[in-house]
Every structure is written in C-alpha cells, then in structure tokens.
Amino acid sequence: MRRSLVVGNWKMNGTLASSELLAKGIIAGLDSNNADIAICVPYVYLPCVSELVKGTALALGSQNIADKSTGAFTGEISATMLREFNCKYALVGHSERRTFYGDTNESVAARFSQAQQQNIIPILCVGETLEQREQNQTFEVINDQLDAVINLVGVAAFNSAVIAYEPVWAIGTGKTASDEQAQEVHYYIRQYMAAKDQVIADKIQILYGGSAKPDNAKGLFAMPDIDGGLIGGASLDAESFLKIFHSI
Ligand code: PEP
C-alpha cells in the first residue's frame, strides 16, 4: 500500500513574516493522519521555516535545485546547500520553470540527479499543455519527460523519487482535471514505469497538481493511481491546505 503525500508549492509568494505564520498554522493543524505532508518554500525562507518544522511531521522542500554541484553558476542554489537546511524534497521541472526559465527535459534530468546525490527526493513534474492535449500528444510528451530522466539516471533511481502529474492547462487556472482525466494519465504513467520495473511502478507516489482545492481533493485522491497532490494556490492558506491534506 502506497503512503499518500501532499506537498504545498508556495511559489514566489509571501514575506518572511507571512511565511512564518503560514508554517506555524500548518504545524498547529497537523495530526496523525496516515499520510506525509511537505511545503516547498522560496529559497530565502528556508532557514526560518527549516527551524520551525524541526521535530514536526511537516517536511521541507525547495522549488528548484541547480543542475550542477558547485562552481561559477551565478544565481543557482546547489543540492548541498539545500541539504544544509534539511530539505527532504526538491521540485524539478515544474512547468513554470520549463515555460519561463528555459528548463529542458535534459536540464530537469540533471537537477533530478543532483538532488539524489545529496539524498534529496526529487519531485519530478510532468504534464502537457492544452495545445498538446488537444493534439493528442499528452502521452508522448510525458514519455519524453520521463525518458530524459530514465536515460540519465536509470529507472532504479525512481526508487527514491516522486512524480507529479500536472497538466499545464490546470495550473493556477482554476480548471482542474476531472477525477477520470487525472486518473487516466496517472494510470498511464504507472504502466509506463511498470514496463521498465514493476516493483518501482507499484510503489512510486504519483501526485496530481493543477487547481486542487478543498472541494475537489477528495474525489481526486480517491482515484486508485493518485497518491496525493502538489498544491499551489490553495497551499497559501493553512486552513485550506490542511483541508486538502485531511481529504486523503
Ligand atoms: C503548482 O504550482 O504546482 C500547482 C498545482 O498550482 P495550483 O494548485 O495553483 O494550480
């Protein structure tokens, strides 16, 4: 039986004060739910939030990670640096990084690899744009996104990784994939992995992301191949994030 996981992605929101309040609000509402929970906060708030989550069930993650280990790469943050602030997870290949900052399938694979070299669990984000969906390219796009990582690090690396299916057309748009639409792609991803390694396919957590909210989370999480969620907008409010977590 796979453990579920709910991850908040705060994106570029908040202040130091509001981040502290939000983290404290989430911690205050945690209970012994049989699932895992994490927040991916802006880099500069990692030191503060890292202190707050110590000894709690709330895990910490980053929203990106460098594709190199160290050196003259101005503006980048390495896996070693993130490890110092107890990041358990790192998002890699979020569609906003792919769309606005030029992340390619190959650079995402390198970020995935860097994370694992420091025992950080990469959360590999995959998903199609609306145009790709309309042209029936969803599965092809996802194959390419997965293959780039598998080609670099091998399928065994997915023993310690999470996949997030995030249809780009559903991120921040208020348009959630229906339970069935999401399940269809989650099932596809699991079968794709199963063709390479059945054991990994059975155990890997595949999260859904894209306008998940307290009122639609339960239906999504009830789907057999959806193991939790990557939550953007609704993770900026402790109450709604906790409601989503408690929908597991
Ligand atoms: C995300 O940022 O990964 C995301 C799913 O955002 P939202 O929930 O706001 O669509």
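A polar contact here is a pair of N or O atoms within 3.5 Å; within protein, one must be able to donate a hydrogen and the other to accept it, and residues adjacent in sequence count only if both atoms are side-chain atoms. Keep in mind that this is a predicted model, where local features need pLDDT of at least 70 and side-chain atom pairs count only at pLDDT 80 or more, while totals for chains, interfaces and linings use all residues. Residues are numbered from 1 along each chain as its sequence is written, and side-chain values use heavy atoms, with hydrogens and water left out.

**Around the ligand**

Three side chains put a polar atom up against a ligand oxygen:

| Residue | Partner on the ligand | Distance |
|---|---|---|
| N9 | oxygen atom | 3.1 Å |
| K11 | oxygen atom | 2.7 Å |
| E166 | oxygen atom | 2.6 Å |

On its own the ligand exposes 290 Å², and the protein buries 97% of that (accessible areas by the Shrake-Rupley method with a 1.4 Å probe). Its shell has 14 residues, and K11, E166, G172, S211 and G233 come nearest (a residue is near if one of its heavy atoms lies within 4 Å). By type, the shell splits into 4 nonpolar, 8 polar and 2 charged residues. For that split, Ala, Val, Leu, Ile, Met, Phe, Trp, Tyr, Cys and Pro are nonpolar, Asp, Glu, Lys and Arg are charged, and the others, Gly among them, are polar.

K11 also has an unusual backbone: its phi is positive, about 50 degrees, although K11 is not a glycine. You'll find K11 in the loop between β1 and α1 (16-28). Helices (H or I, at least four residues) and strands (E, at least two) are DSSP runs, numbered from the N terminus. N136 has a positive phi too, about 55 degrees, and sits in the loop between α6 (130-134) and α7.

**The barrel**

The 8 strands close into a barrel in the order β1-β2-β3-β4-β5-β6-β7-β8, with parallel pairing (two strands pair if DSSP finds at least two bridges between them). β1 (residues 4-9) and β8 (residues 228-231) run parallel and are joined by 4 bridges. One bridge partner in β8 is L230, which goes with V7.

**Aromatic pairs**

Rings of Phe, Tyr and Trp (its six-membered ring) pair if their centres lie within 6.5 Å; planes under 30 degrees apart are stacked, over 60 edge-to-face, and the rest tilted. That rule gives 4 aromatic pairs. F112 and F158 have ring centres 5.1 Å apart and planes at 40 degrees, so this pair is tilted.
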